[in-house]
Protein chains: 4
Amino acid sequence: MSIFSEVGPIKYEGPDSTNPLAYKVYDKDRVVLGKKLGDWLRLTVAYWHSFSSFGSDMFGGGTWNRPWSGKVTQEQAEARADAAFDFFTRLGTPYFAFHDADVIADASSLPEHIDNLKKMEDIFAKKMSQTGVKLLWGTANAFSHPRYAAGAATNPDPEVFAYAAGQVRAIMETTHRLGGENYVLWGGREGYDTLLNTDLKAELAHFGRFLNMVVEHKHKIGFKGTILIEPKPFEPTKHQYDRDTATVFGFLQKNGLEKEVKVNIEVNHATLANLDFEHEVEMAYALGIMGSLDINRGDPRSGWDTDQFPNNAQDLSVAFLPILENGGLGTGGCNFDAKLRRQSVDVNDLYIAHVAGIDTLARAVISAEAMIKDKRLADAKAARYAGWSTPFGKDIMEGKYSLADLADVALKKNLNPKPVSGKQELLESVVAQCQKIS
Amino acid sequence: MSIFSEVGPIKYEGPDSTNPLAYKVYDKDRVVLGKKLGDWLRLTVAYWHSFSSFGSDMFGGGTWNRPWSGKVTQEQAEARADAAFDFFTRLGTPYFAFHDADVIADASSLPEHIDNLKKMEDIFAKKMSQTGVKLLWGTANAFSHPRYAAGAATNPDPEVFAYAAGQVRAIMETTHRLGGENYVLWGGREGYDTLLNTDLKAELAHFGRFLNMVVEHKHKIGFKGTILIEPKPFEPTKHQYDRDTATVFGFLQKNGLEKEVKVNIEVNHATLANLDFEHEVEMAYALGIMGSLDINRGDPRSGWDTDQFPNNAQDLSVAFLPILENGGLGTGGCNFDAKLRRQSVDVNDLYIAHVAGIDTLARAVISAEAMIKDKRLADAKAARYAGWSTPFGKDIMEGKYSLADLADVALKKNLNPKPVSGKQELLESVVAQCQKIS
Amino acid sequence: MSIFSEVGPIKYEGPDSTNPLAYKVYDKDRVVLGKKLGDWLRLTVAYWHSFSSFGSDMFGGGTWNRPWSGKVTQEQAEARADAAFDFFTRLGTPYFAFHDADVIADASSLPEHIDNLKKMEDIFAKKMSQTGVKLLWGTANAFSHPRYAAGAATNPDPEVFAYAAGQVRAIMETTHRLGGENYVLWGGREGYDTLLNTDLKAELAHFGRFLNMVVEHKHKIGFKGTILIEPKPFEPTKHQYDRDTATVFGFLQKNGLEKEVKVNIEVNHATLANLDFEHEVEMAYALGIMGSLDINRGDPRSGWDTDQFPNNAQDLSVAFLPILENGGLGTGGCNFDAKLRRQSVDVNDLYIAHVAGIDTLARAVISAEAMIKDKRLADAKAARYAGWSTPFGKDIMEGKYSLADLADVALKKNLNPKPVSGKQELLESVVAQCQKIS
Amino acid sequence: MSIFSEVGPIKYEGPDSTNPLAYKVYDKDRVVLGKKLGDWLRLTVAYWHSFSSFGSDMFGGGTWNRPWSGKVTQEQAEARADAAFDFFTRLGTPYFAFHDADVIADASSLPEHIDNLKKMEDIFAKKMSQTGVKLLWGTANAFSHPRYAAGAATNPDPEVFAYAAGQVRAIMETTHRLGGENYVLWGGREGYDTLLNTDLKAELAHFGRFLNMVVEHKHKIGFKGTILIEPKPFEPTKHQYDRDTATVFGFLQKNGLEKEVKVNIEVNHATLANLDFEHEVEMAYALGIMGSLDINRGDPRSGWDTDQFPNNAQDLSVAFLPILENGGLGTGGCNFDAKLRRQSVDVNDLYIAHVAGIDTLARAVISAEAMIKDKRLADAKAARYAGWSTPFGKDIMEGKYSLADLADVALKKNLNPKPVSGKQELLESVVAQCQKIS
Ligand SMILES: [Co+2]
Ligand SMILES: [Co+2]
Ligand SMILES: [Co+2]
Ligand SMILES: [Co+2]
Ligand SMILES: [Co+2]
Ligand SMILES: [Co+2]
Ligand SMILES: [Co+2]
Ligand SMILES: [Co+2]
């Protein structure tokens, strides 16, 4: 029994239901392109926003009544875990994700932190076994405590680096023992507030060393999951090194890790970086580092991470198109890194928000399937690039022409290529038409 | 004689002069940290904004009276070149930079384009010899003509790729023969307007092949200058692949070119990418790809490339700090990729704007020198990172600790590092105090 | 016969049609809340983007082949008018809108401008009578010509103010004679590029005087249409005085015009002002100045006016909710101030884009109808504000309490009101669910 | 004795001092245009950021050690007041400003809140008398407590409105008794998070009624200070009604309050609204509602209110130009609504930051004086608008021409006005040159 026990289990009731506590679109067994909808989405509830936050913002305190707010004792940590697993099972989602700090009793030293983590690991192991809920990923919170004010792996003080190593090793091993399918690093304060006190080159080198240590440790302990970096351009820092997917890729290459580490792309982080979410997804596939997704949305008028629940399926559908084309998310999933609005003070708002978000994702996947079946998008793209499949196009890419050779061809053939319509409005209308749900 | 003949030569008159057509700060022979101010700055006038544009914007036509506007004949192209060199020498700046399309008579085919370019090359060679004005860099305009509407190297049509090769080879060779110190690629439409019609992975591969061809050609013809990419995040496209320095670095590594190609950083492109200009400069040095600078500024309220002349020396001074610390710009320089406001219709506005911009740069360099002599910034940074020069810090970076080793150290020593003041406000006040010019 | 004659008339073929040249949603006779869909939308084609632009941008020239590009003769102006009316009738939309400069032959003096306008007025009158196409609004282009570089009504030179008066009077009278239902002022350069050369207070006063003259003239000539201001925050200027609806309202009040002038709200102008389109619509209704709509969308990553065709009906549906609740747009309509992408070079792209945009609007209206019929949104709002319909709430608003009185009530009753859930996620899910089209 | 007792009093040591705890520019008795620098600036320390905040952000807890953190008892509130006045006197600034909630012991009901406020009022009265420190303004925090989650005056629940009345009346009267020179309203949550649950028109009406009650109460109690609204566009809400100066002016007119209420302009709020600070200042003077200033700066890359200490005098100098031209701030002052960076954990950082900020303001005022004495800016503006002082210009503004009359003039005189250079680059260079401090 918990504060979440009055609701659920949430069921699929179909598109005409007006029950806010029922799925209208998300029928997890619905087959989409040969795979179940639930298996495409691998839905995940995030512990931090849903159980370890209370609705505060920079201008006011918490508004949500949760019995375990304030300083967290072991007893409260356990009550919170009870409530979380109660919620997971009633919502019917298969995965959860957490930071060490979200789940443990408050600790005042590294040894105590590790002890408290071990206690919760044991409890989680038991609950996971009982409920079948699985761990998508674990991560370390190495940004909230004052010791991390100037970063963890990029801290000017190597003792902080070492402390972070102690914390990360513990949660990596916990994640491994709990069967976690990924391990995530979000560099909350791995960046700077001012260049005036920052040795950029040194910090990037330290950061690279830390990430290499993480990868080495993964192999040492036999963890088979994926190591993921979660890009974000700024906030809380003025500048965060893991700015976006392309930047992370450059960093991985520089440190020899582009085969070892992938990205966890968050919708709202993409838009804060002034990139479309679908851009980040396409770029990650193009670079071979697609890992997992943090699902939410930002408010298009707000300049910070609002982490709202998604509600516009059309916007998301164009990101699910490459996901479906590439066969899915692998070890990744769709993690609701989304928080209730501060005014959403009813206990059932947490269900309502997740249900609505899940239905939005389900719509997006079904619309992406419609786009694929429709074929007009794929056909247009194939036709547009057809020249690169001709002998001439292939020869260029196989290096058979130097710049001078190719210049000679252009001159000799007196090439005068004409612009061809990009058909943007037509293709956009196909996307819009594919939003019909049946 | 040209429309610019009524003014100049511009002289240094010192800080109390109120003559808008005199330098108040830029004394090119002033010694700054052992090198002449003029040698730090390597000032460059951009042909396009200053001679080949007319003040039009998306909502109205040209306002500046230049005798060579409209369709450009060879005669007009030569009159324009006369005026340009008249301006360069009267302004007293040592370099210029140009796109092929800025300088030649209009052409309707690739052969005609190349012929027209050769004609102007001959004229430039003569004028450069007569005046001593040098070429900082040449570049190809592969974005204005309708054939490039969908990109040049990233065009879906390989014939456009080949046409671009013809154009680039010609201007590279012209740049080489004119003693240009760099060759620049700005990927104006190397990006996309919509992902719906774009094969991102293929376009990135084509782009990489093109850049490799350029580098191979450089070596083949014996060009000793630097190949530079100029990052910009968007505009005219929705997304441009060369988004910023870190993104370009990832792309270079992916294509094996990180030792061959550097960046030409533009102030306004940095801020459009939501990055401080000084960030881009520091990042380029950290990654070893600092090349050259396009000097201008954006309006902080406008979301497009306004290319205004700089006027706030303090803002620029923090970017010149690493430039001075690193010994200068190498083959690069300070190119005024800056345009008059549409209302600046007087002929002498072009002088006034350059003079003001040059004085702003001069102030920035002198302020950066003051920061270096002051030592407080460097001392604070050294103290902040001192831990990484201890045996413990060095051992970490030399790989002597695994994650588990380091975790053990943290536990055994019961590390509990405390936050140390970042002194941001203090350091900012040092910068402000160093703005005094004497 | 025109370049647009190969297509059309465009017909309604229903939701399963894959014909890009047919309406899938827009059945103009479909009844929505007792009124025909066509009568809610009052669809309008904009002359400027569709017939008087050629696909140029700041980095390249025109790409669309239109026979009347370049300097426009009277013959070309007439050919363009033929093509425009051919397009209107084949598309099947009831209204058009134009600036004087879009439609006339090029003129080099005010008298010639007025003559040329009169010629086109006569031609339009005849075509409107033949086709039944009506004029939603006319407007003056007082921003493109160099004389308006520093504004029209806010120009520092009163002769420019007078010239603008000459131009505006002519097009107002033409609009009146053609039965135009509104007259629009968009203050393209009514603002500033730098405060350093601007007398803000004087310019606002001049602008107020001009607007009063326009309103006086309207009454004098017996024009019964609505005078509309179109807000935009910037571009081409750094700052435009008519920034958004609330700012315009303040300006109207200051000049005694809040009963005389309404707003023409453009989607992309709202988002450039960092306001949701639906905010601007709701604000205009709240202030009593809702006039008409310019329908398009911006790219969320671009910082300038991209004027794209709309394609996300859900985004628009929340703006159509208040429109339906308030009984419609009055003399206003939905004007496609939207332009093809530069790469959309096929003649039929203009049809495809309008058809897709119109279907998007139709979806939005039908979804808004669904929200109204669903009642959950309206019920939630009524319940949330119920306190203001109690005697206590009414007394407050009727002025029966002073601050001290009310403070005394709070103290005596020891009021301790609790937060109530705002149900944001629930209401957003209702919007999403109401997007089903049947 | 307090944690701030080790420093001070801060003295003026002149431009060459490198003592971070001394003024280098701010000599309060320096005469600027006939008035003392201290009297132009009326420097004010803000209680909230400096004494009632602890360095937390959305991603981590407090870092600054202040003895009165956590739940605040009366004893702690008094210790905090001791420390605050210790700081004010050692810094040497003449004014402070506070919210009720910043200064009082925590209270759990309105009566207790009022009692606690009265206790602190008595303490403040005594300290003010002892030290000579004066109150620039008081204000109510009606946004932090959960009861205000949906706003105060714009709350859907009239009981919250009444509670806010109780709170505001108390702090207004305290402000009055303490000799406060202004009373400020910042509508932290007077706005909305989603339009879906918002009755915009009703909320604006409630807000207008509340403001009228405040003004009526001011007159009733004989408060002679100025009532100020502080504009901000968003944060914490998605949209705040008091968006910017022009919007507030429209709201004041609508409620008949444009002669009764002025604005308190914050630098960072202006830039969040995408307006230059100098624009807001000029607009406030143009509309007759210039009140007071909250001095700080935002980071140009961050999309939220960073409230940093100012450090670029040139940026501020263009806002002080109209302030000097208009004779100063009246009852207003320069309030440091600025907070330390989270890493600035040394106690003396609070002094360093204020000293640097004050010197920045002093530089800005002295530079503005230089611009006025230089005369080039004023002369250029006078020349530019000279036409409006001719009989023709005056007649237009005196209403002697109708639109038709003026059109006739334009035709008869065959007016053909030419664009005149706006001289933007020249004027910007004058501003830059006037930054010399001597
Ligand atoms: Co996330
Ligand atoms: Co987030
Ligand atoms: Co550039
Ligand atoms: Co630029
Ligand atoms: Co418009
Ligand atoms: Co627009
Ligand atoms: Co403030
Ligand atoms: Co602020």
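Here are two short exercises on a metal site and an annotated site, with worked solutions.

This is a predicted model, where local features need pLDDT of at least 70, side-chain atom pairs count only at pLDDT 80 or more, and totals for chains, interfaces and linings use all residues. Residues are numbered from 1 along each chain as written, chains are lettered from A and ligands numbered from 1 in written order, and side-chain values use heavy atoms, leaving out hydrogens and water.

**Exercise 1.** Work out which protein donors the cobalt ion (ligand 8) has, and why their arrangement is irregular.

- Step 1: Look for donors (N, O and S atoms within 2.8 Å of the metal, or 3.2 Å for Na, K and Ca; water is not among the atoms, so sites may look incomplete). You get Glu266(D) (OE), Asp305(D) (OD) twice and Asp307(D) (OD), 1.9 to 2.5 Å away.
- Step 2: Check the angles. The 4 donor atoms subtend 57 to 145°, so the arrangement is irregular; tetrahedral would need all angles between 85 and 135 degrees, and square planar would need opposite donors over 155 degrees apart and all others between 65 and 115.
- Step 3: Look next door. The cobalt ion (ligand 7) sits 4.5 Å from ligand 8, and Glu266(D) coordinates both.

**Exercise 2.** Find which residues of chain A the UniProt "binding site" annotation covers, and whether Glu230(A) is buried or exposed.

- Step 1: The unreviewed UniProt entry lists Glu230(A), Glu266(A), Asp294(A) and Asp337(A). They spread over 108 residues of sequence, yet the largest C-alpha distance is 11.7 Å.
- Step 2: Glu230(A) has a relative accessible area of 4%, so it's buried (under 20%; exposed is over 50%, partly exposed in between, with a 1.4 Å probe and protein chains only).
- Step 3: Glu266(A), at 1%, is buried too.

How values were computed:
Tetrahedral: all angles 85-135°; square planar, octahedral: opposite > 155°, others 65-115°. UniProt positions renumbered as here; feature names shortened; annotations may be inferred.
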